[in-house]
Number of protein chains: 4
Amino acid sequence: MSEPRRIDAARATAAFEHALAEHSQEFGKFFLAKLYGFDITFPEKECEVAFEALDFMFNPQGTLHGGVIATALDISMGHLLRRAAGPGTTLEMKVQFLSAIRGGKVRCRGRLMRLGKSVAFLSSEAFGADGQVAAFATSTWKLLGSP
Amino acid sequence: MSEPRRIDAARATAAFEHALAEHSQEFGKFFLAKLYGFDITFPEKECEVAFEALDFMFNPQGTLHGGVIATALDISMGHLLRRAAGPGTTLEMKVQFLSAIRGGKVRCRGRLMRLGKSVAFLSSEAFGADGQVAAFATSTWKLLGSP
Amino acid sequence: MSEPRRIDAARATAAFEHALAEHSQEFGKFFLAKLYGFDITFPEKECEVAFEALDFMFNPQGTLHGGVIATALDISMGHLLRRAAGPGTTLEMKVQFLSAIRGGKVRCRGRLMRLGKSVAFLSSEAFGADGQVAAFATSTWKLLGSP
Amino acid sequence: MSEPRRIDAARATAAFEHALAEHSQEFGKFFLAKLYGFDITFPEKECEVAFEALDFMFNPQGTLHGGVIATALDISMGHLLRRAAGPGTTLEMKVQFLSAIRGGKVRCRGRLMRLGKSVAFLSSEAFGADGQVAAFATSTWKLLGSP
């Protein structure tokens, strides 16, 4: 029987304890965003979600899990929308996975495609450490009210 | 200044420690799946991913984060595909969010729509505690080899 | 130089003249639906769009064009929604193409996944002459008012 | 009883007869592309599909039918891919409809997001006569062989 393949427990524990200490369940700093180490900024009318791909976020094949990428892309769009037009709910999101991420810095850049009165369309690109697009998301949002 | 809104630290810590102790980076038991408490089974030629929606998985609006739902849906399809045809990579996934989940048991049921020689199409439904469909995913996968 | 590959001009002309004579720009009988020979019915709370795949609807590879399939799927969902909740506009639609259609009868079956107050989610399956699912669509709609 | 609302029969007939005379079932000039008056060019490593939105292409609400837009977007991506890497089949396509088109010139611009060995990812924007993006598509393709 083979040994279990383990993640780096020290780094995962540091991420968890940081999230536990620093989070508050509001935009920009809720627990999940803190756990994944998401650094959320708003450069050039876009929203950037930057983080380090650590092995506790990996799939069994040893690359960044699509669900984590989807989470980061979703947040880059949701936080941008909230800043532009107040909170919204995701009606749907599609993510295309162009290439696998095996570690290093990941940056997602969300941008508004169209902001209507009751609906908004957004997209976001995830860039790997090599600067190439690793994933691309488009989404449709229902606006919930004013900013 | 308002108090930070905190998650239930004890439950999150229990989830984290459980994941740290029990995970192995392979199908069915990798860290992320353990952290979210995913119970992965294969009833009736489908794959079910069942878990309890805990507040550390929530968005700032107090409902289960779309990224967590996407992660569970993705796993329900990826694990089913692996069982049916060996490992694959997600080319794309779309998730529609039909209603918000505010807690309780969540069950995702992945199923094969079509299994080709090099490509597979899958879908998955996420059911909330009330038995209603809360989210629906479709995805396209590239097959990597034999089971 | 090779001969141009031509479609069956008589059948296309018959389809065109039928559409010109019979259409009215309203639900169920607008020009495009008539041109493609769409027979639109409402069995079992669903909407069925049935038609014969003729070669004037083909792509250069000799199979039913994805755009025609998308048109039929869209109509099966839009007409069902209109019947259930009044007219709506498609916010987005995704179509997966599971297998090519080389002729014969095609049937699209649209169904409601969820009808909300301002937004609806629908899906539709396109069946080829062999009864197999050839394409699968999901869509999100904005409701425009009452039926 | 109200009069049937009719399309401009002369313009539709001209489009149909032009398509019948000029088509050949190959890339760039197949019947459907000719019927819709698609002018297909390849500026700046992209593929542009330009056409006039005529009323025979409209939905019952009096705007360009989403199925026609999907057809044009699909062709802008498929023809670009064929030029870059040989013929492919659409595995899936998602279209978001940002605003309605009520007439005038429409231009779709397809571009390659990533060209892999067996799979390609493309996107395309449809611009209305006002130069605004009216629809946005992303798609995933399986490559069939060499150019």
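This is a tour of the contacts between chains in a predicted model.

**Stop 1: chains A and B**

Select chains A and B and colour them separately. How many residues of chain B are in contact with chain A? There are 46 residues of chain B in the contact, and they meet 46 residues of chain A. The area buried between the two chains is about 3700 Å², and carbon and sulfur atoms give 60% of that area. Now pick out Phe16(B), Gln25(B) and Pro60(B). These residues supply 16% of the area that chain B buries against chain A, which is more than any other three residues.

**Stop 2: the axis between A and B**

Keep both chains on screen and look for the symmetry. A turn of 180°, with a shift of 0.0 Å along the axis, lays chain B on chain A with an RMSD of 0.0 Å. That is the relation of a two-fold axis. The same surface serves both copies, since 100% of the contact residues of chain B recur in chain A. Which residue of chain B comes closest to the rotation axis? Select Lys94(B): its C-alpha lies at 2.0 Å from the axis, and no residue of chain B comes closer.

**Stop 3: helix H3 against helix H3**

Next, select residues 66-85 in chain A and in chain B; this stretch is helix H3 in each chain. The two helix axes come within 8 Å and cross at roughly 155°. H3(A) is therefore roughly antiparallel to H3(B). Their crossing is right-handed. To see the contact itself, show the side chains of Gly66(A), Gly67(A), Val68(A), Ala70(A), Thr71(A) and Asp74(A). Across from them, H3(B) contributes Gly66(B), Gly67(B), Val68(B), Ala70(B), Thr71(B) and Asp74(B). By class, this contact of H3(A) with H3(B) holds four nonpolar, six polar and two charged residues.

**Stop 4: helix H1 against helix H1**

Stay with chains A and B, and move to residues 9-22, which form helix H1 in both. Here the helices pack at an angle of about 170°, and their axes are 11 Å apart. H1(A) and H1(B) are therefore roughly antiparallel to each other. Which residues of H1(A) meet H1(B)? Select Ala9(A), Ala12(A), Thr13(A), Phe16(A) and Leu20(A). Their partners in H1(B) are Ala9(B), Ala12(B), Thr13(B), Phe16(B) and Leu20(B). The residues of this contact of H1(A) with H1(B) divide into eight nonpolar, two polar and no charged.

**Stop 5: helix H1 in chains C and D**

Switch to chains C and D and select residues 9-22, helix H1 in each. H1(C) and H1(D) pack at about 170°, with axes 11 Å apart. That makes H1(C) roughly antiparallel to H1(D). On the chain C side, the contact is made by Ala9(C), Ala12(C), Thr13(C), Phe16(C) and Leu20(C). On the chain D side, Ala9(D), Ala12(D), Thr13(D), Phe16(D) and Leu20(D) make it. The classes in the contact of H1(C) with H1(D) are eight nonpolar, two polar and no charged residues.

**Stop 6: chains A and D**

Finally, show chain D with chain A. A rotation of 180° with 0.0 Å of shift along its axis superposes chain D on chain A, with an RMSD of 0.0 Å. Of the interface residues of chain D, 100% are also interface residues in chain A, so the copies meet through the same surface. The contact takes 13 residues from chain D and 13 residues from chain A. Between these chains the buried area is about 1200 Å², with 57% given by carbon and sulfur atoms. End by selecting Lys94(D), Gln96(D) and Leu98(D), which lose the most area to chain A in chain D. Together, Lys94(D), Gln96(D) and Leu98(D) account for 41% of what that side buries.

How values were computed:
Residues are numbered from 1 along each chain as its sequence is written. Chains are lettered from A and ligands numbered from 1 in the order in which they are written. This is a predicted model: local features need pLDDT of at least 70, side-chain atom pairs count only at pLDDT 80 or more; totals for chains, interfaces and linings use all residues. Side-chain values use heavy atoms; hydrogens and water are left out. Copies are superposed by least squares on the C-alpha atoms of residues with pLDDT of at least 70 in both. Contact means heavy atoms within 4.5 Å. Axes are lines fitted to C-alpha atoms, for helices over the stretch in contact, and angles run from 0 to 180 degrees between N-to-C directions. Helices (H or I, at least four residues) and strands (E, at least two) are DSSP runs, numbered from the N terminus. Angles under 35 degrees count as roughly parallel, over 145 as roughly antiparallel, 65 to 115 as roughly perpendicular and the rest as oblique. A crossing is left-handed if the near helix is turned anticlockwise from the far one by less than a right angle, and right-handed if clockwise. Ala, Val, Leu, Ile, Met, Phe, Trp, Tyr, Cys and Pro count as nonpolar, Asp, Glu, Lys and Arg as charged, and the others, Gly among them, as polar. Buried area is the accessible area (1.4 Å probe) that two parts lose on being put together, summed over both.
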